[in-house]
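This report concerns one protein chain and its ligand. Please examine the sequence and the coordinates before reading on.

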Amino acid sequence: MRYITIALAKGRLAELTVDLLEQAGLEVDELRQKSRKLIFTDEKNKFKFILVKASDVPTYVEYGAADIGVVGRDTLLEDGKDLYEMIDLGFGACKMAVAGPAELSGKLDGMSHIRVASKYVNIAKNYYQFEKKQSVEIIKLNGSVELAPLVGLSEVIVDIVESGKTLKENGLVVLEEICDLSARFVVNRVSMKMERERILDLVDKIKKLLPNQ
Ligand code: PRP
């Protein structure tokens, strides 16, 4: 029997994913130990786990280097890769939103030139092009995006809002909500054919653990 590889997004989602996989019957003890290792094995069930940067999860799954990935919907929307999205895991729930200073509330639609800073340039581009039908300038940043309106780099940002704490502490507010986000279980298209039974068995076990599935 070959190993099935699951790519886990390092960071916020990893711990919750490990808990879920354990409840679904996989051996994840090794993953819980604090180490710098990036690859782990469950010999009993023939699974491998790899720890990758969240934004790289879709790439590993698309190329088949991982059969399965667990990653936020934000990353999937930004990346646009052709993967099977099998389960909404529910955790990691947050929103993608346009945020900025409260003074801009209700004024954005009438503004002719808006600069939008974001890590999520594709999500921002699609939102303004297809939903708002507004031409804007998008400025790519890699983190600490909330800083941009504070130092005059942009008028607004498109970013994830979870607790709202980062916005609040930087004097910003949500101006428009774009969409809901949460962790998703995705599968490579070829793996879905080759390892259908084992993957569907895991999907089934996970679904049974989730409320509202
Ligand atoms: C994310 C996001 C916001 C923050 C939202 O950043 O980009 O900055 O979390 O969370 P909150 O609403 O609970 O405050 P992350 O911590 O991933 O770091 P980054 O600044 O490097 O993007």
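The text below treats the chain as a whole, then the ligand site, then individual residues.

The model is a predicted one, in which local features require pLDDT of at least 70 and side-chain atom pairs count only at pLDDT 80 or more, while totals for chains, interfaces and linings use all residues. Residues are numbered from 1 along each chain as its sequence is written, and side-chain values rest on heavy atoms, with hydrogens and water left out.

**The chain**

The protein chain contains nine helices and 11 strands; helices (H or I, at least four residues) and strands (E, at least two) are DSSP runs, numbered from the N terminus. Along the principal axes, its C-alpha atoms fill a box of roughly 60 × 35 × 30 Å. Of its 213 residues, 46% count as buried. Here buried means under 20% relative accessible area, exposed over 50%, and partly exposed in between, with a 1.4 Å probe and protein chains only.

**The ligand site**

The ligand sits in the largest pocket. A pocket is defined on a 1 Å grid over the protein atoms alone, as an open set of points where a 1.4 Å probe fits, with protein on both sides within 12 Å along at least five of seven lines. A molecule sits in a pocket if more than half of its atoms lie within 2 Å of the grid points of that pocket.

Around the ligand there are 13 residues, of which Lys119, Glu146, Asp159, Ser163 and Thr166 are the closest; a residue is near a molecule if one of its heavy atoms lies within 4 Å of it. This shell comprises two nonpolar, five polar and six charged residues. In that classification, Asp, Glu, Lys and Arg count as charged, Ala, Val, Leu, Ile, Met, Phe, Trp, Tyr, Cys and Pro as nonpolar, and the others, Gly among them, as polar. Both β9 (156-161) and α7 (165-169) supply at least two residues of the shell, and β9 gives the most, with three residues.

Polar contacts (pairs of N or O atoms within 3.5 Å) link ligand oxygen atoms to the protein backbone, as listed here.

| Protein partner | Ligand partner | Distance |
|---|---|---|
| Ser144, backbone N or O atom | oxygen atom | 2.8 Å |
| Glu162, polar backbone atom | oxygen atom | 2.8 Å |
| Gly164, backbone N or O atom | oxygen atom | 2.7 Å |

The protein covers 72% of the 500 Å² of accessible area that the ligand has on its own. Accessible areas come from the Shrake-Rupley method with a 1.4 Å probe.

**Individual residues**

Most residues other than glycine have a negative phi. Ser144, which is not a glycine, has a positive phi of about 45°. Ser144 belongs to the loop between β8 (137-140) and α6 (147-150) and counts as exposed, because its relative accessibility is 60%. Lys46, likewise not a glycine, has a positive phi of about 60°. The loop between β2 (39-42) and β3 (47-52) holds Lys46, which is partly exposed because its relative accessible area is 24%.

Thr41 lies in strand β2. At 26% relative accessibility, Thr41 counts as partly exposed. Its C-alpha atom is separated by 51 Å from that of Leu108, 67 residues apart along the chain. Arg189 is found in helix α8 (residues 189-194) and is partly exposed, with a relative accessible area of 32%. Between Arg189 and His113 the separation is 76 residues in sequence and 41 Å in space, C-alpha to C-alpha.

Note on methods
Polar contact = N/O pair within 3.5 Å; in protein donor to acceptor, adjacent residues only side chain to side chain. 1 Å grid on protein atoms, 1.4 Å probe; cavity = no way out; pocket = protein on both sides within 12 Å on 5 of 7 lines; lining within 4 Å.
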